[in-house]
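Welcome to this guided tour. Open your viewer, turn on residue labels, and get ready to select a few places in turn.

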Amino acid sequence: MSSRLPPGMPWHHPIALLSTWFGSGLIPFASGTWGSLAALPFAAAIAWAFGPTALIPAALLVFVIGIWASQRFAQALGKDDPSPVVIDEVAGQFLTLSIVPIDPLLYLLGFLIFRAADIWKPFPANWADQKLEGGLGIMLDDLIAGAYSAIALWAIAKWLI
């Protein structure tokens, strides 16, 4: 696990905790999936306490913090977009779920739709992933994928309900 962290950065360093979303990105396979999964309880807690639309400012806050944290993590590791960085998936997952009530089926669908969009990277997410550098490049493609996923999830939720 420590080999996935920058040299000299302990797992409990604030940059490591945020970038890896409390260690979920340190799981050695499918780190983006684990990061998206780790976002779900936080999303449910925010939606339960403040309503689902509170996930929009939460996603934007995670986005801004993620630009800072992921930039520093990537620089310390010497990689452009290291796989342990999953705070970008958290921002995208929050945005995806911001338009539906807390419901296990809708959260599962939102998780699956977001993972597909994050992997597929529809335009302009693919452009952001390829052309932007640093923390903004790490974060923006997932926020765009989250916006697409929110639209798709909203349409499915309307059809189901």
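Start by selecting threonine 33, whose place is in helix α2, residues 31-50. Helices here are DSSP runs of H or I with at least four residues, strands are runs of E with at least two, and both are numbered from the N terminus. Threonine 33 is partly exposed, at a relative accessible area of 28%. Three words will come back on this tour: buried means under 20% relative accessible area, exposed means over 50%, and partly exposed lies in between, using a 1.4 Å probe and protein chains only. Now add leucine 5 to the selection: threonine 33 and leucine 5 are 28 residues apart in sequence, and their C-alpha atoms are 18 Å apart in space.

A quick note before you move on. This is a predicted model, in which local features need pLDDT of at least 70 and side-chain atom pairs count only at pLDDT 80 or more, while totals for chains, interfaces and linings use all residues. Residues are numbered from 1 along each chain as its sequence is written, and side-chain values use heavy atoms, with hydrogens and water left out.

**The whole protein**

Zoom out and color by secondary structure. How many helices and strands does the protein have? There are 7 helices and 0 strands, so the pattern along the sequence reads α-α-α-α-α-α-α. Along the principal axes, the C-alpha atoms fill a box of roughly 50 × 30 × 25 Å. A compact globule of 161 residues would have a radius of gyration near 15 Å, and the protein agrees, with 15 Å. That radius is taken over C-alpha atoms, and the globule rule is 2.2 Å times the number of residues to the power 0.38. Of the 161 residues, 47% count as buried.

**Before the first helix**

Select histidine 12, in the segment before α1 (14-19). Histidine 12 is partly exposed, with a relative accessible area of 47%. Then select phenylalanine 22: histidine 12 and phenylalanine 22 are 10 residues apart in sequence and 8.3 Å apart in space, C-alpha to C-alpha.

**A negative patch**

Next, go to the loop between α3 and α4, where aspartate 80 lies. Is aspartate 80 buried or exposed? Aspartate 80 is exposed, with a relative accessible area of 71%. Its C-alpha atom is 9.6 Å from that of serine 70, with their positions 10 residues apart in sequence. Aspartate 81 is in the loop between α3 (55-77) and α4 (87-97) too, and is partly exposed at 39%.

Add Asp129 and Glu133 to the selection, and you have the four residues Asp80, Asp81, Asp129 and Glu133 that form a negative surface patch. Patches are made of residues with over 30% relative accessible area and no salt bridge; like charges are joined within 9 Å, and nonpolar side chains (Val, Leu, Ile, Met, Phe, Trp, Tyr) within 5 Å. Asp and Glu count as negative and Lys and Arg as positive, while His and the chain ends are not counted. The place of a charge is taken as NZ of Lys, CZ of Arg, CG of Asp or CD of Glu.

**A nonpolar patch**

Select Leu105, Leu108, Leu112, Ile156, Trp159, Leu160 and Ile161, which form a nonpolar surface patch with about 770 Å² of accessible area together. Such areas come from the Shrake-Rupley method with a 1.4 Å probe, and for residues only the protein chains shown count as cover. Helices α5 (104-120) and α7 (134-160) each supply at least two residues of the patch. Leucine 108 lies in α5 and is partly exposed, at 45%.

**A salt-bridge network**

Side chains of opposite charge can pair when their charged atoms come close. The structure holds 3 salt bridges, each a side-chain nitrogen of Lys or Arg within 4 Å of a carboxyl oxygen of Asp or Glu.

- Select aspartate 118 and arginine 115: their closest N and O atoms are 2.7 Å apart. Both lie in helix α5, 3 residues apart, about one turn of the helix, and both are buried.
- Add lysine 121, which meets aspartate 118 in a salt bridge of 3.1 Å, N to O. Lysine 121 counts as buried, at 17% relative accessibility.
- Finish with aspartate 141, which forms a salt bridge with lysine 121 at 2.7 Å between the closest N and O atoms. This pair links distant parts of the chain: aspartate 141 is in helix α7 and lysine 121 in the loop between α5 and α6 (125-131), 20 residues apart.

Show the four together: salt bridges that share partners join Arg115, Asp118, Lys121 and Asp141 into one network.
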